[in-house]
Each structure stands twice: as C-alpha cells, then as structure tokens.
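Here are a few notes from going through the model, in no strict order. Have the structure open while you read.

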Protein chains: 2
Amino acid sequence: MGRPSVEQQPAAGAGDAASVTTGDLCRSILARHRDTVSVRNPELAVPRLQRILEAALDLSNSGGFQAMSLRDLSRASGLSTGGLYAYFDSKTTLLKMILVEVTDVVERVLSDPPETVTTDPVAHLRWMIDAHLALTENLLPWFTFAFMEAKNFPPAERRIAIDSEELTERLFGEVIARGVETGCFRADASPLLPALIKPLLQDWYVKRAKYRRRNVTRETYSATVQEVVLAACLAEEGERPTGPGARAG
Amino acid sequence: MGRPSVEQQPAAGAGDAASVTTGDLCRSILARHRDTVSVRNPELAVPRLQRILEAALDLSNSGGFQAMSLRDLSRASGLSTGGLYAYFDSKTTLLKMILVEVTDVVERVLSDPPETVTTDPVAHLRWMIDAHLALTENLLPWFTFAFMEAKNFPPAERRIAIDSEELTERLFGEVIARGVETGCFRADASPLLPALIKPLLQDWYVKRAKYRRRNVTRETYSATVQEVVLAACLAEEGERPTGPGARAG
DNA sequence: GCCTATCTATCGAACGCTCGTTAGATTTTT
DNA sequence: AAAAATCTAACGAGCGTTCGATAGATAGGC
C-alpha cells in the first residue's frame, strides 16, 4: 500500500480502447463522487470501491440489479452492509456510478479516432466498429450492466443510457454521411443504417456466452460486422435486390 | 357473456403472423395450463386471464418482472392478491405461461412458410424477416417480456428463451445454406450471418419507442433489413472490402 | 315456487421473511 | 487520544404465499 497516489487523472483520456481497465474506471468514479464517498484515503478507497463494483456487476449481471440485495453485495465484497454506505448513499447512486462511467468512456473513446483513419471513411468506419467491440470486450460486465439493465432503471438513469446510445448512433451516422459526400459510399444508403449498426455491436456482449461457446473471436466478429456494414454502404445499384419482396400477413 | 364457447382450438395454427392476437394466446395458455388454473368456466377464465396477463406484461415491461409485486398486479388486474392464485400457483408459473406461449408461436409461424416462397431462397429469406417483424409488432409486449427479461429468469426458464433464439437462428441458417447450394447466394457467406440477423430483428421491438418517434414504419424497417442481409448474401467477390482493416488498441 | 345443500370464484387478513437504510458502538489508523 | 473506517443490531416497509370466510350461482327435493 506504500505507493503515493499521484496520477489521479481522468483516466484513459486516449482513444486506445483496449487499454481502459476496471481500475481506471474506479479511480474516475471516485473522483467524480468525491462528496458521496465518505472514505477520504484513496489508497483504501480505490481497491475497496473496485471490489464493491466488481461484486455489484457480477451479482447484477446474473439476476438483475433489483434482485441484488445489499446483503448479497456485502457478502461478496467483504464489507458489512452498513459499511457499504461509506461508498454510496443509496442503491440508486451505486447504479448511477456505474452507468455514468460507462457512457462517459464510450464517448471519450469513440470521439477520439487516430489521425490515420479520419481521412478515409472506410477505414474510419472499420475503426469505430473495432474500437467499440474492443472496448466492450475489455469492460464486458460494465456494458452488460449498463445496457441490459437500463430498461428497468428509474427514468432519469434510463435517459442517460438512451442518450449515450443515440450519441453512438450519431457518430456512426456522421462517418457514413462523410463517406457519401466524398463519393466512396453509395448516395442512397439507408438512413436507418447507423441505427442498425448498434444492435450488431451490442450482440457481441449481450450474447457473449454464445459466441464464446462457438469459439468466435473478436477479430472474426469484427471483420464480419465490417463486411456486412460495408456491403450495405458500398454495393452498386445494379445488384441490389429488386423491390420490397414478399410480405407476411 | 352469452356466446357458447365452441372453437376452443389451439389458436393461430396458420403461418399468418399478423393474425395472432393476445386473445388467441390466452386461450392457448388456458388449454395448456388446465391443471394449474382452478377456474373451470372458460367464459370467465379467458377474459380474466387476459386482463391478468396484459397487466403483468405492462407492469413487467416497465420495471422488470422481479420488481412487479403481486399487489401491483392485483391492483392493475382488478382481482385480489389471493384471487390471482386461482390463475397460477406461483409467480414463476406466471412467467412460464407467457414465455412458453411466445416461444411456441414463433416456432409455429416461422416453421410454416407459404408454399410460394419455399422454392426461392431470396423470397424465403425476405418472408422470414417480414414474418418475424410482423409477429413481434403484433405481440410487442409479449416479445419485450420474453426476450428482454430472459436474462433475469431462473435457469430453467432462461434455457427456454435461449433455445427459442437458437431455433430461429437455425431456421435462418437453413434458408441461407439452401441458397448457397442452389447457387444464388455466394458460397463464402459468413457463417456468422444467421446469428447477426437476430439482433437486427430484435431491435425492432427492443427499441420500438425510438423507431416510432422517428416515424419508421415496419415496411421501411423490414425492407432495410432485407437489403442489408441480402447485400451480405449476394455481393460479388470483386467489390468486397479488402482485408481485415484497421484495428483499435 | 321455494327452501336447502353444494359448488365456484373471489376476497382480504395474516405469516414468515427479506429488503434498503440508519444509528451507535467498535475497531483500526494516525 | 483523536480521527477515520468499519461493524452490529435494529427499524419499518413490503414481499410471495396461504387460508378461512363469503357472496353468488346451481341443483335437487318437496
């Protein structure tokens, strides 16, 4: 425990998705909630908070946040039920700590592409898909929590999750729009396409167990999504399917 | 009340996705759980069960199944808390009633394509996409419940949801495989493609509020998904994106 | 036609238990 | 010894579920 607590910086300011760790997020959370966490010594607070949050994510992701009791969390984190309240002032605050941190790191990473890809829409789109997948893989329990639980959050917290999702969608939309402008994407690309990319990216962590069972690597998944998206952006008029086709009902 | 209760048939045996109603599902549920529902008169039981289930879906879909108390359900359905137990013997049974019925109707509809589409893989694929979207649109709260809540279900019930999903994926896989055999789909179509169709279809009901707000019709959404999927199945070698592309981290 | 016995469907109070949260005592660190 | 961090014990509220009571319909005997 001897290490002095210098570099208490915002954590992971760079766009390097794969480098963001749980510890980074915990330090950032502590800085953000300095007033609700009553433990003043960061040498104590950071590792304790990390144990609490890791246990909270683990319990929430199997059974739901509602179903996780603070007694469960106490047992899993090693602190007493009362002791937990030194790190958050209500169960909802605990939820918000995680949620805000996740949405924030998505924005930080995706808004900061390396200069090498910004000139080419195809490379930029590939990078965004890969960066998103890398980030979610790295912080899997955080994303599972933030976006699978969101539906059951109180209205204010649900708003945060929805806004984050729309920001991501907008970032994809902007890249595609630039590709259309510069002529490398077809002009009549569906305006729905940015919305459809999101579920493809989410499936990687939502159905993570399935893909692990099938030995699908992130590289394979990423390449496949890139292909599907680019096929929809690049395809020539001539070979597009004709007409709306068969309907049910 | 005066109507005699004839046609108590399995309900919606045909593959006509758009014609399946909540009432159909309730009659089917009653037939399936004849031993756990203690109310013997169907003239009473069907409408009561429908009120109970509609209220249960409504409450569960805003706040989660766990968070819905039977006192909430009692208030919303008009029966007393004790009275509810004439229609199910535990809260988990109530969950199972809905879940099994949803997974069953998906299988019934998607496994029964009209003869007009079975000969042409492109038409078949279009039909499956459209039929799935039509079905989920029609029974929106049922699907929201079955597949958004599934993560927090007890193991046995979660298994049901996962199996249903894999069945759907397999049905898509078979159509694509037939298309490859007959030569109208490219031979090197990604084996991941069937898995990626599912999240595209799910987004239609998971993010339903978003698409409604943007005035996206089912026809538009369906056509877009069909285009994206077929672009990935049909695209020629020549214009496929080259190599795995940029990586993050 | 009426009284009685039986059955069906529903009610609402009560049970044992767990929940999130708090306050005061206790331990650990400085 | 003072301060910081944590623990223990308790509170009221709410949970899923049970169960005896009951209103209304139904059927049979006279």
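Which side chains meet in a salt bridge at 3.3 Å, N to O, with Lys96(B) as one partner?

1. That would be Glu157(B) and Lys96(B), whose side chains pair at 3.3 Å, N to O. Bear in mind throughout that this is a predicted model. Glu157(B) sits in helix H9 of chain B and Lys96(B) in helix H5 (residues 91-110) of chain B, so the pair ties together parts that are 61 residues apart in sequence. The two ends are not equally covered: Glu157(B) is buried at 4% relative accessible area, while Lys96(B), at 34%, counts as partly exposed.

2. There's also a network to look at. Glu166(A), Glu169(A), Lys210(B), Arg213(B) and Arg214(B) are joined into one by salt bridges that share partners. Over all chains, the structure holds 44 salt bridges.

3. For a local pair, try Arg27(B) and Asp24(B), which meet in a salt bridge at 3.2 Å, N to O. Why are they separated by about one helical turn? Because they are three residues apart in helix H1 (residues 22-32) of chain B. Asp24(B) counts as buried, with 15% relative accessibility, and Arg27(B) as partly exposed, with 29%.

4. Over in chain A, the side chains of Glu101(A) and Arg108(A) form a salt bridge at 4.0 Å, N to O. The cut-off for a salt bridge is within 4 Å, so I'd keep that distance in mind when reading this pair. Glu101(A) is buried, and its relative accessible area is 0%.

5. On to the empty space. The largest pocket holds about 1,600 Å³. Its lining takes in 49 residues, and those nearest the centre are Phe147(A), Met148(A), Val206(A), Phe147(B) and Met148(B). By class, the lining divides into 21 nonpolar, 22 charged and six polar residues.

6. Which helices supply at least two residues each to that lining? In chain A they are H8 (140-148), H9 (155-181), H10 (193-206) and H11 (208-213). Chain B supplies H8 (140-148), H9 (155-181), H10 (193-206) and H11 (208-213). Helix H9 of chain B also came up in point 1, as the home of Glu157(B).

7. Now DNA strand D. There are 22 residues around DNA strand D, and Arg48(A), Ser80(A), Leu70(B), Arg71(B) and Tyr85(B) come nearest. By class, the surface near DNA strand D has ten polar, seven nonpolar and five charged residues. Helix H2 (42-61) and helix H4 (81-84) of chain A and helix H3 (70-77) of chain B each supply at least two residues of that surface. H4(A) gives the most, with three.

8. What part of DNA strand D does the protein meet, sugar or phosphate, or bases? Of the strand's atoms within 4 Å of the protein, 56% belong to sugar or phosphate, and the rest belong to bases. Three phosphate contacts are worth pulling up. A polar side-chain atom of Tyr85(B) lies 2.5 Å from a phosphate oxygen of DNA strand D. For Lys91(B), a polar backbone atom is 2.9 Å from a phosphate oxygen of the strand. For Asn41(A), a polar backbone atom is 3.1 Å from a phosphate oxygen of the strand.

Note on methods. Residues numbered from 1 in each chain as written. Chains lettered and ligands numbered in written order. Predicted model: local features only at pLDDT ≥ 70, side-chain atom pairs only at ≥ 80, totals over all residues. Heavy atoms only, no water. 1 Å grid on protein atoms, 1.4 Å probe; cavity = no way out; pocket = protein on both sides within 12 Å on 5 of 7 lines; lining within 4 Å. Points joined across faces, edges and corners; volume = space filled by probe spheres on them. Helix = DSSP H or I, 4+ residues; strand = E, 2+ residues; numbered from the N terminus. Nonpolar A, V, L, I, M, F, W, Y, C, P; charged D, E, K, R; others polar. Near = heavy atom within 4 Å. Polar contact = N/O pair within 3.5 Å; in protein donor to acceptor, adjacent residues only side chain to side chain. Buried < 20%, exposed > 50% of the residue type's maximum accessible area, 1.4 Å probe, protein only.
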